[in-house]
Amino acid sequence: MLLCSSFNGLTQRCWLELRRAGHEVSVELAVSEQAMAEAAELAKPDLVICPFLKERVPEQLWRGHRTVIIHPGPPGDRGPSSLDWAILDGEPEWGVTALQAVEEMDAGPIWGYRTFAMPSEPPRKSALYNGPVADAAVELVTEVAAKAADPSFVPVPLDYRSPEVRGRLRRAMRHSDREFSWEEPAQDILRRVRAADGAPGGRAMLCDVPVRVFDVYRGPDLAGRPGQVAARREGAVLVHTGEGGSVWVGHVRLEQEGAIKLPAALALGERVASAPERSGYSEITYDRSDGVGVVSFDFYNGAMSTEQCRRLSSAVRYAAAQDTRVLVVRGGEVFSNGIHLNVIEAARQPEFEAWLNINAINAVCREIVGCTSQLVVTSIGGNAGAGGVMMGLGADRVIIRDSVVLNPHYRTMGLFGSEYWTYVLPRRVGAETARRLTQQALPVGAVEAVEMGLADRMLGGSRLDFERRVLEYAERLAADPGYDRLLAGRRQAREVDERRRPLDAYRAEELAEMSRDMFDDRNEFRAARRAFVHKVKASATPEHLAGHRELFGASASAGAAASHM
């Protein structure tokens with residue numbers, strides 16, 4: 001049984017890997033001590049693993065069932081703010097430890113651990129968690145399950161005299177630990193904010209209002225009064241810092257009741273409206289070499305607002321008009337999670353903004369699906385969900401990184417979905433599998449994605465290695481002697497599909513369903529959106545997780561080797 005605070009990306013990866021290893025896996029959210037204990041008594045699991053758990057495991061549970069905590073710190077590290085301190089203190093090395101639950105938190109015997117080098121540039125906490133921490137945690141979870149089946153295995157008691165035990169007890173971070181002054185050097189601000197990103201954010205005054213600061217990047221050396229907004233661009237604001245530096249601030253949350261995290265220029269509104277536009281910050285870039293054009297986009301947490309979608313569709317349209325032979329559409333840390341729920345929720349008319357947003361992201365998808373002047377490759381190096389998955393499926397070749405989790409469904413948000421999914425998804429996996437994917441609303445790992453046809457190839461390595469290998473693949477495709485035949489095949493397939501049923505027909509039917517979801521609220525999109533945006537804790541384990549037993553029968557178990565390059 002996976003016991004977790006939420007079924008987040010790391011927990012989903014653990015769920016997928018354990019199932020691929022042949023284990024029967026159930027999921028329970030830690031909504032209360034009673035619910036946790038009752039779930040364990042009902043499931044009677046051989047092993048309870050907690051890959052992401054903020055709550056204390058009830059004594060009744062850990063005494064009655066072997067329970068292993070996956071802690072985001074090296075052996076001996078204890079406390080709830082491990083990653084925050086690791087980033088803030090500039091630790092050169094960090095780790096993840098699997099330890100047995102006991103009375104004292106994080107003090108149980110050790111089942112295993114992994115260590116990894118920390119990047120020299122301060123990473124965002126969310127990037128660290130979803131990258132090397134998640135990679136180590138998934139390895140540990142499968143190792144723990146294997147050790148649990150070995151009757152001779154005995155976990156090692158925590159002993160601070162052991163040379164392997166280098167961590168220590170660290171207190172929870174306080175509000176004061178998150179605070180910074182714009183008088184500080186840009187690099188210090190960068191580190192403090194990133195140690196708190198994506199939650200709870202760095203704390204500062206900006207435009208004379210208290211804010212939580214997120215999504216920061218080093219700006220140019222720039223003379224000016226620290227704390228003053230110097231410029232804005234694409235929703236971000238450029239703020240003067242100490243020592244003649246500056247930082248781009250992508251997102252903030254006003255410190256007031258009900259406020260949510262938003263693009264900084266949107267959240268600050270009239271306070272920064274007169275700031276001039278300035279280059280030096282861009283969420284979207286275009287590069288070309290050796291017959292390959294690359295449109296790269298990196299939107300915070302993968303959320304794509306109306307304005308971001310409009311910029312991206314313009315970029316793809318521009319790239320498609322160039323004289324390159326292959327177009328690579330490359331996502332960032334998160335590939336895409338579809339429409340921007342926070343921006344929608346903050347709008348004066350949320351339903352109308354949602355309608356604008358879905359139409360804008362449809363325009364991006366149309367540019368990808370409709371590009372017949374080049375072969376199109378999507379480079380999915382980060383997780384994707386809902387419309388973000390469907391956007392990637394419009395290409396000729398979909399290449400996915402081995403650690404990626406896809407959630408190709410909309411149901412949990414109360415939406416039918418659009419992004420031409422009724423065309424691109426069945427085209428790749430067939431009508432029956434498309435129905436199961438969208439109705440069961442469960443995650444799909446990279447191996448399974450290749451097996452079922454959602455993706456064409458899977459590659460490993462770091463994100464930079466992955467991007468390099470995708471580019472090499474695109475260059476080979478551009479130089480392929482059979483390129484003209486491949487491009488003609490794409491054009492012919494698109495023409496045949498268009499004659500059978502125009503893309504506009506798919507779009508019209510999807511938007512007819514979406515209008516009922518967005519304006520009539522037939523499936524409680526409004527409540528689901530608000531719960532997501534305001535981080536409302538679940539009151540029970542969702543039915544689609546609690547009641548789930550098998551996904552696609554045998555295809556979810558052994559997991560045959562995926563296509564590699």
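**Notebook: sheets, a helix and two residues**

I began with strand 19 (residues 405-407) and strand 20, and I found that they pair in the antiparallel sense over two bridges. Here two strands pair if DSSP finds at least two bridges between them. Helices (H or I, at least four residues) and strands (E, at least two) are DSSP runs, numbered from the N terminus. I noted that the model is predicted, that local features need pLDDT of at least 70 and side-chain atom pairs pLDDT 80 or more, and that totals for chains, interfaces and linings use all residues. Residues are numbered from 1 along each chain as its sequence is written, and side-chain values use heavy atoms, with hydrogens and water left out.

**Entry 1: the three-stranded sheet**

I placed this pair in its sheet, an open one of three strands in the order 17-19-20 with mixed pairing. Strand 17 (384-385) and strand 20 (444-445) are the edge strands, each pairing on one side only. Across from Val405 I found Gly445 of strand 20. Helix 1 (residues 9-20) packs on this sheet and touches strand 19 and strand 20, with a direction at about 100 degrees to that of strand 19. For such angles, axes are lines fitted to C-alpha atoms (for helices over the stretch in contact), and the angle runs from 0 to 180 degrees between N-to-C directions. Contact means heavy atoms within 4.5 Å.

**Entry 2: the six-stranded sheet**

I then turned to an open sheet of six strands, ordered 13-14-15-16-18-21, again with mixed pairing. Its edges are strand 13 (284-289) and strand 21 (457-459), each of which pairs on one side only. On average, neighbouring strands of this sheet are turned by 20 degrees against each other, direction ignored. Strand 14 (residues 292-297) and strand 15 run parallel and are joined by five bridges; I recorded Val328 in strand 15 as the bridge partner of Val294. Helix 9 (residues 306-320) packs on the sheet, where it touches strand 13, strand 14 and strand 15, and its direction makes about 15 degrees with that of strand 13. Helix 17, which I looked up next, lies across strand 15, strand 16 and strand 18 (397-401) and runs at about 85 degrees to strand 16.

**Entry 3: helix 17**

I checked the length of helix 17 (residues 483-500): its 18 residues should span 26 Å at 1.5 Å a residue, and its end C-alpha atoms are 26 Å apart, which agrees. The expected span is 1.5 Å times one less than the number of residues.

Which residues of helix 17 are buried? I listed Tyr483, Leu487, Arg490, Arg494 and Asp497. They lie on the same side of helix 17 because they cover an arc of only 95 degrees around the axis, the arc being that of the directions from the helix axis to the C-beta atoms. Buried means under 20% relative accessible area, exposed over 50%, and partly exposed in between (1.4 Å probe, protein chains only). On the face turned away from the buried side I found the exposed residues Asp484, Arg485, Gln492, Arg499 and Arg500. Among the elements covering the buried residues are strand 15 (326-330), helix 11 (350-369), strand 16 (375-380) and helix 18 (503-518).

**Entry 4: strand 8 and its partners**

I found seven of the ten residues of strand 8 (residues 209-218) buried. Strand 7 (residues 202-206) runs antiparallel to strand 8 and is joined to it by five bridges, with Arg203 opposite Arg212. The two strands form a hairpin with two residues between them, and Cys207 in the turn has a positive phi of about 55 degrees. Strand 8 is also joined to strand 11 (residues 246-254), antiparallel, by seven bridges; there Arg218 has Val247 as its bridge partner.

**Entry 5: two single residues**

I located Leu222 in the loop between strand 8 and strand 9 (229-233). Leu222 counts as buried because its relative accessibility is 17%. Leaving out residues up to four places away in sequence, I noted that Leu222 touches residues including Ala230, Leu238, His240 and Arg278.

Ser82 is found in helix 4 (residues 82-88), and at 3% relative accessibility I count Ser82 as buried. With the same sequence exclusion of up to four places, Ser82 touches His71, Pro72, Asp77 and Trp94.

**Entry 6: the whole protein**

I counted 20 helices and 21 strands in the protein. A compact globule of 565 residues would have a radius of gyration near 24 Å, and the protein has 24 Å, which agrees. That radius is taken over C-alpha atoms, and the globule rule is 2.2 Å times the number of residues to the power 0.38. Buried residues make up 55% of the 565.
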